[in-house]
Amino acid sequence: MQFIPVSPDQPNLPLAPRLLAELCQEKGIKLALDSEFFYFGYIETEGGKRFPIKGGAFALNSYAAGEAAKDKDFCGRLLQDADLPTPDFKLVHSDKAIRLLSTANPHVAQSLNTLTKAPAIAEALGYPLFIKPNEGTQGVGVQKISNEAELNTRLAAALQTNDRMLVQEAVSGRDYRVIVLDGTILAIIERRPLSITGDGTHTITELLSEKIKTLTTRSGGYKVESDDPRILKAIQEAGYDLTSTLRDSELLQLLSNANLSTGGEAVDVTDIASQSFKDLAVKAARVCGLRYAGVDILCEDLSINDAPAHVLELNAGPGLTNFWQASPEHHHRVRDIYRGVVEAMLQQSA
């Protein structure tokens, strides 16, 4: 696979490469991407300095900072060390991971949490809680757990395919993604979980089917499936089944996380955030060593100064496609974000 120069009029360009191509053309610099997926490559200045890019991740962040953001346990420890509010958590390792580590470092292996310790960890954190892959993205594998039986079953299954799972305290609040660049807030996105609204006539199955048809990926697939066990669980916990009919205007939340990649809705709330909320996001990015970051925060009301808030995690390469697609009114925000990133890289090369 080779890198090819990319221009804005290149056929079938995804959003991020197209916007980057427009900016690079405007500034007279080169953008080269892989010829198959347009996913990774580099920006090259007139002086020949290259800045590697991969998806939404840019060369502004150091390798170590990017690794810290990807590792939820490490990221959480950095946040705690800086006395920033974050949900309490514990890391649970698979038996396979512990066996492999035992050969190289048996002392460390003996100190790690295994599946057998999970019930005691959960009891200390309190139910409900969440389990999630320690290195996961886009909400994949995130599950809400209500009791010990469910914990044992679901965590055991998750550890079959993940070496490390995070068991995390559940905290309340609206879900926000904050885009930070060099201490400046470029956008604040409220992410609302996948939900359906009743009309007093159609069943949940019918409403869900119509909702899923609107949640297509760029390649033509669907972001969620109607038989997703998380959706079925949410319906049951609300006291319904698939044949139930919701009252007119009744809202039923179907997923506990609000990731846009799993059908969440995006609302631009940049202009109503309080200073304390903004300061929290900026400090979280700084203590994790990230110049460019998506900071995920739960907060009851971001417009109120000093409202209770928790930093969930950070992303060193936040995707913006779903935010762009949610509304034409978001387009200027996304363009400004990519412009800021490109200009920051060029200043770095000066």
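Buried here means under 20% relative accessible area, and in this predicted model that cut-off picks out four residues of helix H9 (residues 229–237): Ile-231, Lys-233, Ala-234 and Ile-235. The cover over these buried H9 residues includes strand S8 (143–145), helix H7 (148–158), helix H8 (204–213) and strand S13 (251–253). After H9 comes Gly-239, with a positive phi near 90 degrees.

A lysine turns up on that buried list, and its partner is easy to name. Lys-233 forms a salt bridge with Glu-150, with the closest N and O atoms 2.9 Å apart. Glu-150 sits in helix H7 and Lys-233 in helix H9, so this pair ties together parts that are 83 residues apart in sequence. Glu-150 is buried, just as Lys-233 is. The pair also belongs to a network, in which salt bridges with shared partners join Glu-150, Arg-154, Lys-233 and Glu-237.

Across the whole structure, the search turns up 22 salt bridges. One of them pairs Glu-313 with Lys-132, where the closest N and O atoms are 3.9 Å apart. Since Glu-313 belongs to strand S16 (residues 309–315) and Lys-132 to strand S7, the bridge ties together parts that are 181 residues apart in sequence. Both ends fall under the 20% cut-off for buried: Glu-313 has a relative accessible area of 19%, and Lys-132 has one of 7%.

Glu-135 and Arg-164 make another salt bridge, at 2.3 Å from N to O. This one also links distant parts of the chain, with Glu-135 in the loop between S7 and S8 and Arg-164 in strand S9 (residues 164–169), 29 residues apart. Here the partners are partly exposed, Glu-135 because its relative accessibility is 36% and Arg-164 because its value is 22%.

Turning to the nonpolar side, the largest core has 36 residues, and the members that touch the most others are Val-6, Leu-31, Phe-58, Tyr-292 and Tyr-338. Several elements each put at least two residues into this core: helix H1 (15–27), strands S2 (30–34), S4 (50–54), S10 (174–181) and S11 (184–192), and helices H11 (321–326) and H12 (331–349). Phe-58 gives a good look at how the core is put together. Setting aside neighbours within four places in sequence, Phe-58 is in contact with Leu-20, Pro-52, Ile-53, Tyr-292, Tyr-338, Val-341 and Met-345. Of these partners, Tyr-292 and Tyr-338 are themselves among the members that touch the most others. A second, separate core holds 30 residues, including Ile-188, Val-269, Ala-281 and Ala-285.

Helix packing comes next. Two packed helices are described by the angle between their axes and the distance between the axes. For helix H2 (residues 63–70) and H3, the axes come within 5 Å and cross at roughly 100 degrees. That crossing angle makes H2 roughly perpendicular to H3, because angles of 65 to 115 degrees count as such. On the H2 side the contact uses Ala-68, Ala-69 and Lys-70, which meet Lys-72, Phe-74, Cys-75 and Leu-78 of H3. Sorted by class, the H2 contact with H3 comes to five nonpolar, no polar and two charged residues.

A few backbone spots are worth a look as well. Tyr-127 and Pro-128 are joined by a cis peptide bond, with omega about -5 degrees. Pro-128 is found in the loop between helix H6 (118–125) and strand S7 (129–133), the strand that also carries Lys-132.

Positive phi values appear at two residues other than glycine. Phe-38 has phi near 55 degrees and lies in the loop between S2 and strand S3 (40–44). Asp-83 has a positive phi of about 60 degrees, and its place is the loop between helix H3 (72–81) and strand S6 (89–93). How do their surroundings compare, buried or exposed? Phe-38 counts as buried because its relative accessible area is 11%, whereas Asp-83 counts as exposed because its value is 70%.

Conventions:
Residues numbered from 1 in each chain as written. Predicted model: local features only at pLDDT ≥ 70, side-chain atom pairs only at ≥ 80, totals over all residues. Heavy atoms only, no water. Core = buried A, V, L, I, M, F, W, Y, C linked by side-chain atoms within 4.5 Å. Buried < 20%, exposed > 50% of the residue type's maximum accessible area, 1.4 Å probe, protein only. Contact = heavy atoms within 4.5 Å. Axes fitted to C-alpha atoms, helices over the stretch in contact; angles between N-to-C directions. Parallel < 35°, antiparallel > 145°, perpendicular 65-115°, else oblique. Nonpolar A, V, L, I, M, F, W, Y, C, P; charged D, E, K, R; others polar. Salt bridge = Lys/Arg side-chain N within 4 Å of Asp/Glu carboxyl O.
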